[in-house]
Amino acid sequence: MASDLEQISAHINEKIGNIKKILSLRSCGQEPNLKTVLNKIGDEIITVNELLNKLELEIQYQEQTNTSLKELCESLEEDYKDMEHLKENIPPHLPQVTPRTQNCVSASDLDSEEPVKVEEPACTKKPPKEVRNIKEMPFITSDEFNGIPAYMKCRLTYCQINDVIKEINKAVLGKYKILHQPKKSMSSVARNLYHRFIDEETKDTKGHHFIVEADIKEFTALKVDKRFHMILNILRHCRRLSEVRGGGLIRYVIT
């Protein structure tokens with residue numbers, strides 16, 4: 001019982017001490033000299049708080065950049081391993097590069113009395129098929145990235161923008177491979193895509209390579225979200241693409 005009363009007494013005394021400190025600090029705040037000092041301390045606390053917020057944003061930005069660089073390094077390492085594997089495992093049936101030989105007739109095989117006519121073989125090679133180039137979007141350079149207005153790129157990084165360009169090129173390649181494919185060799189899925197591609201063409205897109213959002217979803221794993229459209233605005237700013245609207249569709253033309 002005595003110990004409980006002592007604890008209650010100590011708690012009450014602690015509260016009384018805190019109240020005395022608060023009253024003394026309150027009275028200090030009314031003095032002109034101390035009030036100026038307290039105001040300066042308050043301003044400095046606000047400044048430090050703002051600096052901490054900026055530091056936190058910068059740390060988040062650096063973490064995102066570090067993650068992007070790690071992904072790029074991993075991708076480069078995989079490409080290097082694939083290249084080394086191909087180099088070490090060249091199929092033996094591939095033709096070897098040899099100097100071009102010419103048809104000649106040995107002097108010992110010729111009859112001195114009867115000349116032998118050497119007939120050149122007729123050219124039986126078929127003319128090469130026309131190669132259709134598929135236009136790809138060039139990557140953004142570091143100078144172009146630095147020239148993008150801050151309000152436009154926000155927290156987007158150089159690597160993130162070029163990663164989207166890589167995926168857009170993948171969609172362009174997938175679309176125009178189907179358009180250049182002979183119809184007889186098309187599957188039913190490819191034939192349906194082919195007809196959609198033809199229906200989406202207009203007089204303004206004639207002679208140009210373009211894609212729509214459905215192509216992004218068909219050939220890539222990109223999410224067509226707010227971030228994706230922010231990057232499209234940057235690509236328009238850098239003159240990598242233009243828009244052709246009509247029929248409820250936005251066509252992104254590679255420029």
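Which residue takes a positive phi in the hairpin of β2 and β3? In this predicted model, the residue is G247, whose phi is near 65 degrees, and the hairpin to which G247 belongs has 2 residues between the strands. The paragraphs below set that hairpin in its surroundings, beginning with the overall layout.

The protein contains 8 helices and 3 strands, and along the sequence these elements follow the pattern α-α-α-α-α-α-β-α-α-β-β. Of the 255 residues in the protein, 21% are buried. Among the contacts with a separation of 6 or more, 62% are accounted for by residues 24 or more positions apart.

The strands form an open sheet of 3 strands in the order β1-β3-β2, with antiparallel pairing, and the edge strands are β1 and β2, each of which pairs on one side only. In general, the strands of a sheet pair through backbone hydrogen bonds, in either a parallel or an antiparallel arrangement. Strand β2 (residues 241-246) runs antiparallel to β3 and is joined to β3 by 6 bridges, and within this pairing V244 has R251 of β3 as its bridge partner. On the other pairing, β1 and β3 are antiparallel over 2 bridges, and here F210 has V253 of β3 as its bridge partner. The ring of F210 also has a charge placed over it, since the charged end of K175 sits 3.5 Å from the centre of that ring.

The residues named in these two bridge pairs come together again around T205, which lies in the loop between α6 and β1. Leaving aside neighbours within four places in sequence, T205 is in contact with F210, V244, R251 and V253. T205 has a relative accessible area of 3%, and because buried means under 20%, this loop residue counts as buried.

Helix α6, which precedes that loop, can be checked for its length and then read for its faces. Helix α6 covers residues 188-200, and at 1.5 Å a residue its 13 residues should span 18 Å; the end C-alpha atoms are 19 Å apart, which agrees with that expectation. The buried residues of α6 are A190, L193, Y194, F197 and E200. Seen down the axis of α6, these buried residues fall within an arc of 130 degrees, and therefore they line one face of the helix. The general background is that an α-helix has 3.6 residues a turn, so residues three or four places apart point the same way. On the other side of α6, N192 and D199 are exposed. The buried residues of α6 pack against α5 (158-179), β1 (210-211), α7 (213-219) and β3 (249-254), a set of partners that includes both helices and strands.

Helix α5 also takes part in a ring contact, and the count of aromatic pairs comes to 1. That pair is formed by F145 and Y158, which are edge-to-face, with 5.8 Å centre to centre and 80 degrees between the planes. The pair links distant parts of the chain, with F145 in helix α3 (residues 142-146) and Y158 in helix α5, 13 residues apart. At 10% relative accessibility F145 counts as buried, whereas Y158, with a relative accessible area of 32%, is partly exposed. The ring of F145 has a further partner in K153, whose charged end sits over that ring, 4.2 Å from its centre.

Conventions:
Residues are numbered from 1 along each chain as its sequence is written. This is a predicted model: local features need pLDDT of at least 70, side-chain atom pairs count only at pLDDT 80 or more; totals for chains, interfaces and linings use all residues. Side-chain values use heavy atoms; hydrogens and water are left out. Helices (H or I, at least four residues) and strands (E, at least two) are DSSP runs, numbered from the N terminus. The expected span of a helix is 1.5 Å times one less than its number of residues. Buried means under 20% relative accessible area, exposed over 50%, partly exposed in between (1.4 Å probe, protein chains only). The arc is that of the directions from the helix axis to the C-beta atoms. Contact means heavy atoms within 4.5 Å. Rings of Phe, Tyr and Trp (its six-membered ring) pair if their centres lie within 6.5 Å; planes under 30 degrees apart count as stacked, over 60 as edge-to-face and the rest as tilted. A charge sits over a ring if NZ of Lys or CZ of Arg is within 6 Å of the ring centre and within 35 degrees of the ring normal. Two strands pair if DSSP finds at least two bridges between them.
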